[in-house]
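User: Got a minute to walk me through this one?
Analyst: Sure, pulling it up now.

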Amino acid sequence: MHRSQVTTDVELHGAAAITATGVSRAPLPVRAARIGDAPAARARRFELRDHLVFPGLINAHDHLHLNAVPPLRAGAPFPDSYAWIEAFQAHFERPEVAAALRVPKATRLRHGGLKNLLAGATCVAHHDPWHPALDDADFPVALLRDFGWSYALGWPQYGPPVRESFAATPPDRPWLIHLAEGTDEAAQAELAQLDRLGCLQPNSVLIHGVGMREADVGRVIAVGAAVVWCPRSNLTLLGRTLDPRRLHAAGRLALGTDSRLSGARDLLDELRGVVDRHPLDPRQLLGLVTTAAARILRLPSRGRLAPGARADLVIVEDRGGDEARSLVGIDRSRIRAVVRDGMPRIADPDFAEWFELAGVEAVPVLLDGRPKLLDKALADPAAIALEPGLERAEGSTKPAHEVALRGECC
Ligand SMILES: [Zn+2]
């Protein structure tokens with residue numbers, strides 16, 4: 001395709017867009033990396049009948065550089081995360097762990113970004129010191145920026161000091177800390193401790209909160225703070241997790257994976273793991289990774305499909321019934337396309353025309369055995385080598401999908 005024909009102006013027809021207010025079957029215009037309010041005059045039109053379009057998902061907690069480090073298998077359940085951290089110190093000596101940590105941090109961060117993108121998470125809250133690689137133009141996902149953080153009340157040797165960090169964070173920006181990640185008295189005491197420090201405010205975002213008691217949950221809601229629920233990580237480390245219902249009902253709950261050191265493979269895996277075992281239905285779970293996360297992390301242009309919002313999209317086949325079930329419960333290889341900033345990044349091979357139209361060079365890959373096209377800028381061999389289930393495919397990939405995506409100029 002001639003360079004002058006490259007455009008990110010497209011119009012998606014026939015699909016149902018899942019928005020905060022319900023389901024829209026109106027054509028969805030994408031213009032210059034945003035959801036448009038009207039199609040551009042010469043937008044390319046794509047037919048997506050029997051498909052659903054969701055906003056790009058928000059993973060509210062990860063440590064991107066740790067996703068290829070072998071997990072600690074022994075010792076669980078731990079009374080709290082500090083006991084886990086102590087046990088982990090000896091784990092660092094293991095040759096496979098030392099080897100994983102010798103991979104350059106920039107590569108490990110890119111791998112963590114790729115892990116998220118492959119599962120439809122287009123924006124991530126990375127809970128660690130900033131690194132220049134996170135500012136690369138072709139980093140796989142968007143990141144929460146302009147926020148404050150500390151690591152944990154009981155582990156002050158890592159990360160910014162609590163009071164100073166909180167004081168330096170503007171009240172309209174989120175401030176994140178691991179809190180009450182445990183079931184013992186130390187974990188149970190942490191919310192009150194944070195409150196006494198003056199660091200429990202409406203912009204406080206508490207990661208885990210497993211040790212919080214009913215009164216603590218009430219206090220979080222009363223203050224207008226929020227909790228990031230990481231159920232798989234909690235069950236792995238602590239053998240239990242929190243009851244999400246009150247925090248969800250108050251709109252003060254988001255969902256995070258944590259890293260694969262303790263957490264689920266990815267955000268879809270996390271959703272699938274909780275959908276049948278916890279009292280929130282698929283639509284409520286979808287809200288945790290879209291609208292609620294955007295509200296709590298103060299990301300007004302994310303988590304929704306409305307004019308002006310980022311054109312970060314997850315496109316799946318409509319499996320019938322409750323629309324949220326077509327996403328909540330599937331695994332990553334079943335996603336038809338992940339679009340970020342209006343451009344396809346990984347998709348089934350019949351999306352080739354959209355890649356070409358957007359000027360995104362794509363390479364064939366296999367994702368969990370299924371052929372896909374991946375944005376070449378994201379196909380860093382070193383990062384791919386860290387991701388189980390992802391490999392470069394030789395030659396061209398044949399569309400595995402029966403209904404090829406058809407583009408036509410309107
Ligand atoms: Zn964490």
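Below we go through the domains, the core and one helix.

Analyst: Heads-up, this is a predicted model: local features need pLDDT of at least 70, side-chain atom pairs count only at pLDDT 80 or more, and totals for chains, interfaces and linings use all residues. Residues are numbered from 1 along each chain as its sequence is written.

User: OK, how is the chain divided?
Analyst: Into domain 1 (3-53 + 310-409) and domain 2 (58-296), with bounds from an automatic or database domain assignment. Their C-alpha centres lie 28 Å apart.

User: And how many residues does the contact take from each?
Analyst: 26 from domain 1 and 25 from domain 2, where contact is C-beta atoms, placed from the backbone, within 7 Å.

User: Switching topic, which residues have the most contacts inside the largest nonpolar core?
Analyst: V53, I58, A254, A293, L297 and V314, in a core of 119 residues. Such a core is a set of buried Ala, Val, Leu, Ile, Met, Phe, Trp, Tyr and Cys residues joined through C-beta atoms within 7 Å; buried means 20 or more other C-beta atoms within 10 Å of a residue's own, again placed from the backbone.

User: Where does this core lie?
Analyst: Both domains give residues to it, so it lies between them.

User: What is A293 in contact with?
Analyst: Beyond neighbours within four places in sequence, A293 contacts I58, A60, A254, L288 and G303.

Conventions. Contact = placed C-beta atoms within 7 Å. Buried ≥ 20, exposed ≤ 12 C-beta atoms within 10 Å, placed from the backbone.
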